[in-house]
Amino acid sequence: MNRLKDAKSPYLLQHAEDPVDWYPFGEEAFRKAQAEDKPLFLSVGYASCHWCHVMHRESFRDQEVAELLNRHFVAVKVDREERPDVDAAYMRALISLTGSGGWPMSLFLTPEGKPFFGGTYFPKEDGRGLPGFKRVLLAVAEAWREKRQEVLEEAEGLSRALWRSLAPPPGPVPGGLEAEALGFLERAFDPEWGGFGGAPKFPQGPLLLYLLPLAWKGEEPARGMLRKTLRAMALGGIYDQVGGGFHRYAVDRFWRLPHFEKMLYDNALLARAYLGAYRIYGDGLFLRVARETLDFLLSLQAPEGGFYTALDAESEGEEGRYYTWTEAELREALGEDFPLARRYLALGEDLGGRSVLTAWGEEEVKRELGEGFPAWREGVRAKLLRARHRRVPPALDDKVLADWSALAVRALAEAGRLLEGRYLEAAQRGARFLLGMVREGLVRHAWRGGRLGEEAFLSDQAFTALALLELYTATGEWPYLERARFLAEAAWRAFFREGRLEETLNPLPLPARELEEGALPSGASALAEAFFRLGAAFGGDYRERAWRILEERAHFLRRFPHALPGFLLAHRLLEEGSELALPLPSPFFPEALSLYLPLTQPVMGPAEALPALKGREAGKAYLCREGACRLPVVEWGAFWEEVRAVYGASDSFHD
């Protein structure tokens, strides 16, 4: 009996007809394993994961494999996006066991949930340099029968080591951590193609967002690393040159050949990175990519207001089929534009005679067309979109995750403030949906088809609070500020336990901590940022709470600060951040809404309405730090003099 038929997750529902007797992660599975003295097989993946689909087709639909699993194990299937706590806990264990991780995650656990053996993708039979899954299942079953004590000792030792390593005591935030992090990034930076490290290359949205305020201040080498990386990504195959938005990562160092999933979180973070970079550098490429990525976010917005999770890598059973082209297909779609477009798109076969489109020929074609280039490019793009819309599209993961949707709301709210109102309207719709996911003070994590899940994670609270704060900054509307405060306070009460900020409410056999912020900022660093921004408006102990969060992660900041860009950003805000106090009514108000001040939280409202505004005169602007303000200004040029005096920024750093 497969127990996934009532699941909300599209990924779990993909497995609902498997012959494997799948259980969802929970007490029922653990009780069965203990009662029958069987190990658990834990399989973790997600709906847009290519190799998850491959293992599904090869093994989990196979009757022979299913019989082995059902006879010797209790099989548990998890959607990593629906249960990020389970994924984080067991991915750390897998990395400790094997030295690497990935999805599908395949782990074998004791009946108490402690891992002792694992891997990622296994083919059904030996191949691709990997042992076959059938052979793995038989070997693990034999070890459980014949070498039980050794297995249990291995599992217990790993469990204890993980608890020790992931829960060190708090300490002072180390000095010089940002210099150390930047030094590491300089050494890892690819000066030719941008990005950090070799292949595969990931966008690392949190890291790019950390570099933005450094670049805004004119700090080198942050300016050079950020600009090089953003330009290379924008012109490469990791960016969907036809439909906008970014694929998940590139398999090469050149950003040319992507892994084709398109994730909501990547595009929400990268939209903000490109929009901020446009305001810093004035590069029209960054503005175009920001707009197209924001429009891709809009295409993922559900009618109810939330944002869908991802688009699959596959269509028609082939990875990347929807996004790649043959030369004949391009010639047919483009007609007379084909010869020039071929130079612009820099074709080269990547996947079985099909090409991933890049824009490596952009500078050459721009020089040739001059002012006519933007219109020509849009015409080419429209023709390719029409042709692509006739194809079978990739599957849509249509669940809504609160934390990822909140990232999209924040990006659209910022774009509504800095670009145009349609983005702000979408952000407001998204915020209403997120607030509708609140139960008993906590934002619930997952929604699909009218069904709301029960789980709630720190990231849901913190990301939603930051989205609401961005909407307050964009509109000056008081309810957004109050709701952000409510959610941040609820997060502190629910997740700060025994002197430690946890990411989850659910007790697990292993610690569920995210140690790196590669693809997403952590809920903890996001809450620290939210407390800084709330402290700008309300004062009180919010800054102290933010420092406590950093101190609780001091051990990891000391060891690898470059891997924690969200915490580095929170630290920079606490060290250098400021408040812009604007008692209303104010002649500065329209301009204030369009400011790009990445280290400043505007505080707007009637005089005396907030601690940050008490004693301030309406009609004047005050740049303050921890309540201590510079001289008030009544003229816009004088305000920028204040910004330059505090941050060293010049007029070239704002639009």
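# A walk through the predicted model

P200 lies in the loop between α8 (177-188) and α9 (205-216). This is a predicted model, and that loop is a good place to enter it. The peptide bond that leads from A199 into P200 is cis. Its omega is near -10 degrees. The loop between α8 and α9 also holds Q204. Q204 is not a glycine, yet its phi is positive, at about 55 degrees.

Now follow the chain past α9. The loop between α9 and α10 is the place of P221. Here, too, the bond before the proline is cis: the peptide bond from E220 to P221 has omega near 5 degrees.

Next comes helix packing. Two packed helices are described by the angle between their axes and the distance between the axes. Take helix α10, residues 222-235, and helix α12, residues 284-299. They pack at an angle of about 55 degrees, and their axes are 10 Å apart. That angle makes α10 oblique to α12. The crossing of these two helices is left-handed. Which residues of α10 meet α12? They are R227, L230, R231, A234 and L235. On the α12 side, the partners are L285, F286 and V289. Sorted by class, the contact of α10 with α12 has six nonpolar residues, two charged residues and no polar ones.

Turn to the strands. Five of them form an open sheet. Its order is β8-β9-β14-β17-β18, and the pairing is antiparallel. The edges are β8 (262-263) and β18 (451-452), and each of these pairs on one side only. Further in, strand β9 covers residues 308-311 and strand β14 covers residues 396-401. Three bridges link β9 and β14 in the antiparallel sense. Look at Y308 to find one of the bridge partners: it is matched with V400 in β14. Strand β14 also pairs with strand β17, residues 446-448. Two bridges join β14 to β17, and the strands run antiparallel. Here L401 has A446 of β17 as its bridge partner. In a regular strand the side chains alternate between the two faces of the sheet.

Another pair of helices lies further along the chain. Helix α20 spans residues 478-495, and helix α22 spans residues 542-552. How do their axes meet? They come within 13 Å and cross at roughly 45 degrees. The two helices are therefore oblique to each other. α20 passes α22 in a left-handed crossing. From α20, the contact uses R485, E489 and W492. From α22, it uses Y542, R545, R548 and I549. By class, this contact of α20 with α22 has four charged residues, three nonpolar residues and no polar ones.

A four-stranded open sheet comes next. The order is β22-β21-β23-β24, and the pairing is mixed. Its edge strands are β22 (600-606) and β24 (628-629), each with pairing on one side only. Strand β21, residues 578-584, pairs with β22 in the parallel sense. Seven bridges hold that pairing. Within it, the bridge partner of L582 is M604 in β22. A helix lies across these two strands: α21, residues 523-538. α21 runs at about 35 degrees to β22.

Finally, look at the aromatic rings. How many aromatic pairs are there, if ring centres must lie within 6.5 Å? The count comes to 34. One of them is W22 with F60. This pair is edge-to-face, with 5.0 Å centre to centre and 80 degrees between the planes. W22 lies in strand β1 (residues 22-24), whereas F60 lies in helix α3 (residues 50-60), so the pair ties together parts that are 38 residues apart in sequence.

Terms used
Residues numbered from 1 in each chain as written. Predicted model: local features only at pLDDT ≥ 70, side-chain atom pairs only at ≥ 80, totals over all residues. Heavy atoms only, no water. Pairing = 2+ DSSP bridges. Axes fitted to C-alpha atoms, helices over the stretch in contact; angles between N-to-C directions. Parallel < 35°, antiparallel > 145°, perpendicular 65-115°, else oblique. Left-handed = near helix turned anticlockwise from the far one by under 90°. Contact = heavy atoms within 4.5 Å. Nonpolar A, V, L, I, M, F, W, Y, C, P; charged D, E, K, R; others polar. Phe/Tyr/Trp six-rings, centres within 6.5 Å; stacked < 30°, edge-to-face > 60°.
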